[in-house]
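User: Could you walk me through the packing in this model? I would like cut-offs along with the answers.

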Amino acid sequence: MSAPSPRRWAALALIALAQFIVIMDTSIIGVALPRIQQDLGFSQENLSWVFNAYVVAFGGLLLLGGRLSDLFGARRLFSAGWIVLLTGSLLAGIAPEVWVELTGRAVQGVGAALIAPSALTLLMMLFGHDPKELTRALALYGAAAPAGGTAGVFLGGVITEYLSWPWVFYINIPIAVVALLATGPLMPAAPARRGSIDVLGTLTVTLGLGTAVYAVVRAPEAGWGSAQTWIALAVAVALLAAFVATQARRREPLMRLSIFRTPDLAAANLTQLLLGGAWIPMWFFLNLYLQQVLGYSAFPSGAALLPMTVLIMLGMIVLAPRAIERFGPRTTTVAGLLLLTAGMAWLSLISPDGSFAADVLPASLVAALGMSLAFIPSLGTAISSARPEEGGLASGIVNTSYQVGSALGLAAMTAVAAANGSGRLGDLPALTEGFSSAFVGAAAIALVGAVAAAALRTRTSAPADQVTASRG
């Protein structure tokens, strides 16, 4: 075994930054959405595609990114991802109309799909020599994702208020340049391997996910019983079924289906899918409530969520590891999802003449605490459950689950909100009713996640102390 790199902790900082940025890019647009909508002419129902164009490309291509990382080398793919992200950020920032904006966001998602799996592969290469160091590195890597998601809300508010909304995209450009300059000196090289790329699998999973999200987002306008909605859903199901079928037959698939026989892996992925489906709609509609109902401008809206950002970072780094050590990952995950359910149910009590102190702050803190407790153990369980040589694949799958859950959850809650009045801009009671219904729906998703995590992991997992021990 080669000696550990003396620069591995500096490399970890770059890896954590990469994870922070690719997740931040899902949320940094939240506060800027009303400005983007006004300047580019998005409808209220289609506004969520500024988010979904990114996460569908990101989630749909993560497995391909992991495969390309194996074939061409993680360091090479890490650099390529930053170049693509930079390009997409520039395009999204200069966009003069809707289709250009969505194209730029999709290109950003492609870059993120190259960065995320190669970053984890590099982490394993740097810290795989020492289980204790690997555990510490994975904890910091895991905390970077939700921290990026919540910090992006605040940064988006600052940038939108004091610069302009295109800078929520332009901020990636100098960061990408620095990352590209640092990658060569810090990251280990890996030889390329021989193998094939599952083009058919990539197309079917990405198109299937995109079609499913499109069908749900368009359903309120086209009608849930319309032929357009049902045809789109049928096409999505057919494409995803074709993906599963191709993975079962191919010698070198994007996703080896038998990996789901690994204890805990399927349950952890289901938890992450439902966690993304609950969490992302919460911050999306909370931003809209603050701005469109309470009348906050961009900076106060972002600042209003800063307490939630601070709490979630403390929860990831301090509270979650201690809870896992004392109660085990299953109990911690279930408790976190129940807290998240309670926080969003509390948020559903918002009123048209509400206030930040009464309607937003306490409920958002409860939800943030729940997210911090649920995210770390489910992510750690998914990674530690797989064989060491499949850690990258397991990470790609669990990241895909979270992104797919985020996209589908937001699409579904956008449809729920629209059906209950969120499309009537200026009508504060109708807007509030629509946003409230979205919070109720997101709370239901989190509750289903808690029940599923408790039931599935009780049946499939090793005892909690064994899982915890495997991570230490």
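**Aromatic packing and helices**

Analyst: Let's begin with Phe285, which is buried at a relative accessible area of 3%; buried means under 20%, exposed over 50% and partly exposed in between, with a 1.4 Å probe and protein chains only. This is a predicted model, where local features need pLDDT of at least 70 and side-chain atom pairs 80 or more, while totals for chains, interfaces and linings use all residues. Residues are numbered from 1 along each chain as its sequence is written, and side-chain values use heavy atoms, without hydrogens and water.

User: Which kind of aromatic pair do Phe284 and Phe285 form?

Analyst: Rings of Phe, Tyr and Trp (its six-membered ring) pair if their centres lie within 6.5 Å; planes under 30 degrees apart count as stacked, over 60 as edge-to-face and the rest as tilted. Here the centres are 5.1 Å apart and the planes meet at 80°. The pair is therefore edge-to-face.

User: Is Val318 buried, partly exposed or exposed?

Analyst: Val318 belongs to helix H13, residues 306–327 (helices are DSSP runs of H or I, at least four residues, numbered from the N terminus). Its relative accessible area is 31%, so Val318 is partly exposed.

User: What span does helix H14 reach from its first C-alpha to its last?

Analyst: H14 covers residues 329–347, 19 in number. The expected span is 1.5 Å times one less than the number of residues, which gives 27 Å for H14. The model comes close to that, reaching 27 Å.

Note on methods:
Helix = DSSP H or I, 4+ residues; strand = E, 2+ residues; numbered from the N terminus.
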